[in-house]
Amino acid sequence: MPARSSSGFQFKVESMSLAAVLHLILHVLVPGLVARIFFRPDWRRAWTIMLITMLVDLDHLLATPIYDPDRCSIGFHPLHTWPLIAVYLCLTLPPRTRLIGLGLMLHMLLDFSDCAVQRGFFDALSRLLGTG
């Protein structure tokens, strides 16, 4: 049952599911794996930059409740929309912003995969494209 904090935000008081915990762990491990494989000489720096891009989830603070295990982030939260995903993809092209763009794209792909597991691939795709 949602509870209201003194600041007015709503949050669910129940514990997180195993799937939700795994999803969060993947947000840390996948960028680390990509950094180790593709940015070997400077993998710690690459991993750190990609981890910092997880701040994109600050847009969850705009939602009520802040966390909902049944909600698909793609197409719902402002920083998880198709126009911004296109910007994140463009950030992967210039060398100076490549790690930022890569971190953001990995984040969106992980969130998309979570939506696909929750609701099915085609529903998640329609949300991503803004048609569902």
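By the distance rule applied here, the chain of this predicted model has a count of 1 salt bridge. That salt bridge joins the side chains of D42 and R45, with 3.8 Å from N to O. Around this pair stands a chain of 132 residues, which holds 5 helices and 2 strands.

**The salt bridge**

- The separation of 3.8 Å between nitrogen and oxygen in the D42 and R45 pair satisfies the cut-off, because a salt bridge is counted when a side-chain nitrogen of Lys or Arg lies within 4 Å of a carboxyl oxygen of Asp or Glu.
- D42 has a relative accessibility of 40% and so counts as partly exposed, while R45, with a relative accessible area of 47%, is likewise partly exposed.
- As a general matter, side chains of opposite charge can pair when their charged atoms come close.

**Overall layout**

- Read from the N terminus on, the elements follow the order β-β-α-α-α-α-α, so that both strands precede the helices.
- Of the contacts between residues at least 6 apart in sequence, 50% join residues that are at least 24 apart.
- Buried residues account for 33% of the 132 residues, and the accessible surface of the chain comes to about 8,300 Å², with 71% of that surface belonging to carbon and sulfur atoms.

**Nonpolar cores**

- The largest nonpolar core is made of 10 residues, namely V56, C72, I74, I85, Y88, L104, M105, M108, F112 and C115.
- Two elements, α3 (82–91) and α4 (98–119), each give two or more residues to this core, and the largest share, 5 residues, comes from α4.
- Separate from this group is a second core of 7 residues, which includes V34, A35, M50 and L99.
- In soluble globular proteins, nonpolar side chains tend to be buried together.

**A nonpolar patch on the surface**

- Nonpolar side chains also appear on the surface, where V21, I25, V28, L29 and L51 form a patch whose accessible area together is about 360 Å².
- Helix α1, which spans residues 18–38, supplies the largest share of the nonpolar patch, namely 4 residues.
- I25, one of the patch residues, lies in helix α1 and has a relative accessible area of 39%, so I25 is classed as partly exposed.
- This value for I25 also meets the patch criterion, because patches are made of residues with over 30% relative accessible area.

Notes: Residues are numbered from 1 along each chain as its sequence is written. This is a predicted model: local features need pLDDT of at least 70, side-chain atom pairs count only at pLDDT 80 or more; totals for chains, interfaces and linings use all residues. Side-chain values use heavy atoms; hydrogens and water are left out. Buried means under 20% relative accessible area, exposed over 50%, partly exposed in between (1.4 Å probe, protein chains only). Contact means heavy atoms within 4.5 Å. Accessible areas come from the Shrake-Rupley method with a 1.4 Å probe; for residues, only the protein chains shown count as cover. A nonpolar core is a set of buried Ala, Val, Leu, Ile, Met, Phe, Trp, Tyr and Cys residues joined through side-chain atoms within 4.5 Å. Patches are made of residues with over 30% relative accessible area and no salt bridge: like charges are joined within 9 Å, nonpolar side chains (Val, Leu, Ile, Met, Phe, Trp, Tyr) within 5 Å.
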